[in-house]
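User: Could you take a close look at the nonpolar core of this protein for me? I'd like to know who sits in it and what surrounds it.

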Amino acid sequence: VPENIGNIEPEPYNTHPARLPADLVASAKRNLAVRDGSASFFYHPYLGTSYLQQSVEGIQGLGYTFVPASAMVS
């Protein structure tokens with residue numbers, strides 16, 4: 001399953017800027033323009049749960065429902 005809204009990176013890495021929960025939520029919001037689309041992201045467990053909680057709550061607030069990745073592939 002592709003990570004079409006990216007991942008959390010609290011610090012700039014290589015040539016990539018930092019990405020925080022608000023950035024993931026903004027990407028998920030833009031993705032709402034796609035009919036039958038989905039919002040998928042990767043999360044590094046070593047970051048703890050605060051960023052994850054913010055991301056999940058923000059994405060759910062847009063109307064998304066979280067499902068297992070296995071439900072997305074046939």
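Analyst: Here is a walk through the core, with some background first and a few residues outside it at the end.

This is a predicted model, so to speak with care: local features need pLDDT of at least 70, side-chain atom pairs count only at pLDDT 80 or more, and totals for chains, interfaces and linings use all residues. Residues are numbered from 1 along each chain as its sequence is written, and side-chain values use heavy atoms, with hydrogens and water left out.

First, the frame. The protein has two helices and zero strands; helices (H or I, at least four residues) and strands (E, at least two) are DSSP runs, numbered from the N terminus. Its C-alpha trace spans about 35 × 25 × 20 Å along the principal axes. The radius of gyration is 12 Å, which agrees with the value near 11 Å for a compact globule with 74 residues. That radius is taken over C-alpha atoms, and the globule rule is 2.2 Å times the number of residues to the power 0.38. Of the 74 residues, 22% count as buried, where buried means under 20% relative accessible area, exposed over 50%, and partly exposed in between (1.4 Å probe, protein chains only).

Now the core itself. The largest one has nine residues: Ile5, Ile8, Leu24, Val25, Ala28, Phe41, Tyr43, Ile59 and Tyr64. Helix H1 (residues 21-31) gives the largest share of this core, three residues. By a nonpolar core I mean a set of buried Ala, Val, Leu, Ile, Met, Phe, Trp, Tyr and Cys residues joined through side-chain atoms within 4.5 Å. As a general point, nonpolar side chains tend to be buried together in soluble globular proteins.

Two core members are worth following outward. Val25 lies in helix H1 and, leaving aside neighbours within four places in sequence, is in contact with Ser55, Gly58, Ile59 and Leu62; contact means heavy atoms within 4.5 Å. From Val25 to Phe41 is 16 residues in sequence and 10 Å in space, C-alpha to C-alpha. With the same neighbours left aside, Tyr43 is in contact with Ile8, Gly48, Thr49, Tyr51 and Leu52.

Ser55 is one to look at alongside them. This serine is found in helix H2 (residues 50-61) and counts as buried because its relative accessibility is 0%. Beyond its neighbours within four places in sequence, Ser55 is in contact with Ile8, Pro21, Leu24, Val25 and Phe41.

Phe41 also has a contact with Glu3: not counting residues up to four places away in sequence, Glu3 touches Ser40, Phe41 and Phe42. Glu3 lies in the segment before H1 and is partly exposed, with a relative accessible area of 46%. Glu3 and Ala39 are 36 residues apart in sequence, yet 7.6 Å apart in space, C-alpha to C-alpha. For the protein overall, residues 24 or more positions apart account for 60% of the contacts with a separation of 6 or more.

Finally, two residues with unusual backbone angles. Most residues other than glycine have a negative phi. Asn14, in the segment before H1, has a positive phi near 55 degrees and counts as exposed at 69% relative accessibility. Asp36, in the loop between H1 and H2, has a positive phi near 60 degrees and is exposed too, with a relative accessible area of 79%.
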